[in-house]
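Grab a pencil and have a look at the model below. We'll work through it in a few short exercises, each with a solution you can follow step by step.

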Amino acid sequence: MGRGRVQLKRIENKINRQVTFSKRRTGLLKKAHEISVLCDAEVALIVFSYKGKLFEYSTDSCMEKILERYERYSYAERQLTADLNSQENWTLEYNRLKAKVELLQRNLRHYMGEDIDSLSLKELQNLEQQLETALKHIRTRKNQLMYESISELQKKEKAIQEQNSMLAKQIKENEKAVAQQALWEQHNHGTNMSPFLLPQPPLPCPNIG
């Protein structure tokens, strides 16, 4: 009777788990040694038990050199992958932006009434609706600006009228003050001249006998 497949799952019994770990660890180290000898490969094996105990194996070169080589290789691989991903992302972004620009340029030509021969009836109706909507927004904005301009002009006109009324009132007040000043000066001038205008007595007539 053949040996059945062992189900891979955590061994709950601590003793059985420790025995299995020891057996499998020995076999793993043996396999690592065999592949290094048979295939002339540099092998580094690191195992930590569930209690944290370290078990390791390395070929003739020390563990540090193998790990250093691994770090260089891993870093180079990561850089290459990052560069490829970055280049791929930039290519995708360029193609996306290029397609978007072409779409915008085509829509702009359609809005200008150009290159519309290839459009279907539904596309022409959609284009017409978009233009009507845009024209509606433009007229609404234009009317708003005209209303704001008229309101501003009306405010300026009102302010100028108020300023003119104030100036006219000041002019009338100044004219009234000047007239009163003239009358007052004329009255004072007449009063001051009256003492010097007394009537002269008649000259005596000679009596000729």
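The exercises below go from the overall layout to single residues, and the model they use is predicted.

**Exercise 1. Work out how many helices and strands the chain has, and in which order they run.**

Step 1: Count the elements. You should get three helices and two strands.

Step 2: Start at the N terminus and walk along. The elements run α-β-β-α-α.

Step 3: Now check how much is tucked away. Out of 209 residues in the chain, buried ones make up 8%.

Step 4: Look at the outside too. The chain exposes about 19,800 Å², and 58% of that comes from carbon and sulfur atoms.

**Exercise 2. Describe helix α1: its span, its start and its buried residues.**

Step 1: Find the helix at residues 14–38, which makes 25 residues. From first C-alpha to last, α1 reaches 36 Å, close to the 36 Å expected at 1.5 Å a residue.

Step 2: Check the N-terminal end. Asparagine 13 caps it, with a side-chain oxygen 3.0 Å from the backbone nitrogen of isoleucine 15.

Step 3: Pick out the buried residues of α1, which are Arg17, Ala32 and Ser36.

Step 4: See what they touch. The buried residues of α1 pack against β1 (44–48) and β2 (54–58).

**Exercise 3. Find out where the salt-bridge partners arginine 69 and glutamate 42 sit in the chain.**

Step 1: Start with the total, which is five salt bridges in the structure.

Step 2: Zoom in on this pair. The closest N and O atoms of arginine 69 and glutamate 42 are 3.1 Å apart.

Step 3: Place both partners. Arginine 69 belongs to helix α2 (residues 63–111), while glutamate 42 is in the loop between α1 and β1. With their positions 27 residues apart, the pair links distant parts of the chain.

Step 4: Check the surroundings. Arginine 69 is partly exposed at 48% relative accessible area, and glutamate 42 is partly exposed at 46%.

**Exercise 4. Explain how the salt-bridge partners in helix α2 are placed along the helix.**

Step 1: Recall a bit of helix geometry. An α-helix has 3.6 residues a turn, so residues three or four places apart point the same way.

Step 2: Take arginine 72 and glutamate 68, whose side chains meet at 3.4 Å, N to O. Both lie in α2, four residues apart, or about one turn.

Step 3: Do the same for arginine 96 and glutamate 93, which meet at 2.7 Å, N to O. They are three residues apart in α2, so about one helical turn separates them.

Step 4: Check the exposure of the second pair. Arginine 96 is partly exposed at 45% relative accessible area, and so is glutamate 93, at 29%.

**Exercise 5. Say what is unusual about the phi angles of aspartate 40 and aspartate 115, and where these residues lie.**

Step 1: Remember the usual case. Most residues other than glycine have a negative phi.

Step 2: Look at aspartate 40, which follows α1. Its phi is positive, about 50°, although it is not a glycine. Aspartate 40 lies in the loop between α1 and β1.

Step 3: Turn to aspartate 115, another non-glycine residue with a positive phi, near 55°. Its place is in the loop between α2 and α3 (121–193).

Step 4: Compare their surroundings. Aspartate 40 is exposed, with a relative accessible area of 73%, whereas aspartate 115 is partly exposed at 47%.

Methods: Residues numbered from 1 in each chain as written. Predicted model: local features only at pLDDT ≥ 70, side-chain atom pairs only at ≥ 80, totals over all residues. Heavy atoms only, no water. Expected span 1.5 Å × (residues − 1). Buried < 20%, exposed > 50% of the residue type's maximum accessible area, 1.4 Å probe, protein only. Contact = heavy atoms within 4.5 Å. Polar contact = N/O pair within 3.5 Å; in protein donor to acceptor, adjacent residues only side chain to side chain. Areas by Shrake-Rupley, 256 points an atom, 1.4 Å probe, with all protein chains shown as cover. Salt bridge = Lys/Arg side-chain N within 4 Å of Asp/Glu carboxyl O.
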